[in-house]
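Work through the exercises below with the model open. Each task is followed by a solution in steps.

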Amino acid sequence: MKDLKYLTAFSIPLMALIGIYFKGELVFLTPFYAFVMIPVLELIFPIDTNNLSSEAVESNLKRKVFDWLLYLNLPIVYGLVIFGIYEASSSILETYELVGMIISVGIVLGVNGINVAHELGHRQTTNERFIGKALLLPSQYMHFYIEHNFGHHLHAATPEDPATARYNQTVYSFWFTSIYRQYVKAWAIQLKLLKNSQKSFFSPKNDMFWYIVLQVGYLALVFLIFGNVGLIFAFASAAIGILLLESVNYIEHYGLLRLKTTSGRYERVKEMHSWNSNHTIGRIVLYELTRHSDHHFKSSKKYQILDCHDESPQMPYGYPTSMVLAMVPPLWFGIMNKRVPKEMVLQ
């Protein structure tokens, strides 16, 4: 039964389903649950710093249930997106209801879409990577796969990394710099890969080109079937999902920088270059994303066996709570700046 604790991750789409089906004030149930109820629960539940024994790690790696809990997000995410678009385009709604439904589906796209795509994007099998890319499609963020795997994990906690927030940078500034720089960098990586393999721009291996085709095709299909309202819903919910992802990126590496060695190169990525959180509810709902330090230390590790490292900088709150705090920059700086190692600030 312990393995099934990750079913809690499906509570987010469940809240969205309730809101879309019943409408009215319930359309805001998902954001209330994600950013009010979960933070309260994280204050109540104890922090869990325990790591699995070597026997438990071996056992967890053999259990396919952990993988299927990820795969199930594909029909759930697409089902909710289609249901939301259908209800928005076929029902008579108040403006606030439409806004609430868009926010709810956007949160699902961020948590059960992009977040799960991130986990599957690190897998070695083609089928799992395919599911991961499919989960990025409704968010219009398929380039994330390239930049994250070939860029972010190489340059994390350096000024060269678009997804690392600088010390004293606000989350609002970070949204713009990260989104723009990640897309530009994804293209640079793609062109370099094509050049190294001696392929042309119009090669079937140009994933960035095909991502554009798929994403534009997706929006065009939505427009043809559901009209203007459906297109607005699809585009706006994708934007919410993207901003949710970038808010997570913001808190994951805020202010942390790798020092340079005597050779002038950056030191290798260590456990101290990502913020870690052991708050139980956030860990489960986000498939252990909050143990981000260990993920960067060894990105091939599956979510169910990630460890807590004592040397990792610890967030005082869980990820959901931290995202809320980041929306108020003076509050965020007051809490987090004193926790950033001084040698990183003085670089």
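A cavity here is a set of grid points where a 1.4 Å probe fits but cannot get out, and its volume is the space filled by probe spheres set on the points. The model is predicted.

**Exercise 1.** State how many cavities of 30 Å³ or more the structure holds, and give the volumes of the largest and the second largest.

Solution.
Step 1. Cavities of 30 Å³ or more number four.
Step 2. For the largest cavity, the volume is about 240 Å³.
Step 3. The second largest cavity has about 60 Å³ of space.

**Exercise 2.** Describe the lining of the largest cavity: which residues are closest to its centre, and which elements contribute?

Solution.
Step 1. The lining has 23 residues, and Gly110, Asn115, Val248, Leu286 and Leu289 are the closest to the centre.
Step 2. Two or more lining residues come from each of α2 (29-44), α6 (95-121), α8 (144-155), α10 (207-253) and α13 (319-326).
Step 3. The largest share, six residues, belongs to α6.
Step 4. By class, the lining of the largest cavity has 16 nonpolar residues, six polar and one charged.

**Exercise 3.** Do the same for the second largest cavity: which residues line it, and how do they divide by class?

Solution.
Step 1. The lining consists of Asn115, His118, Glu119, Leu286, Tyr287, Glu288, Leu289, His295 and Leu306.
Step 2. Here α6 gives the largest share, with three residues.
Step 3. The lining of the second largest cavity divides into four nonpolar, three polar and two charged residues.
Step 4. Asn115, Leu286 and Leu289 line the second largest cavity and are also among the residues closest to the centre of the largest cavity.

Key
Residues numbered from 1 in each chain as written. Predicted model: local features only at pLDDT ≥ 70, side-chain atom pairs only at ≥ 80, totals over all residues. Heavy atoms only, no water. 1 Å grid on protein atoms, 1.4 Å probe; cavity = no way out; pocket = protein on both sides within 12 Å on 5 of 7 lines; lining within 4 Å. Helix = DSSP H or I, 4+ residues; strand = E, 2+ residues; numbered from the N terminus. Nonpolar A, V, L, I, M, F, W, Y, C, P; charged D, E, K, R; others polar.
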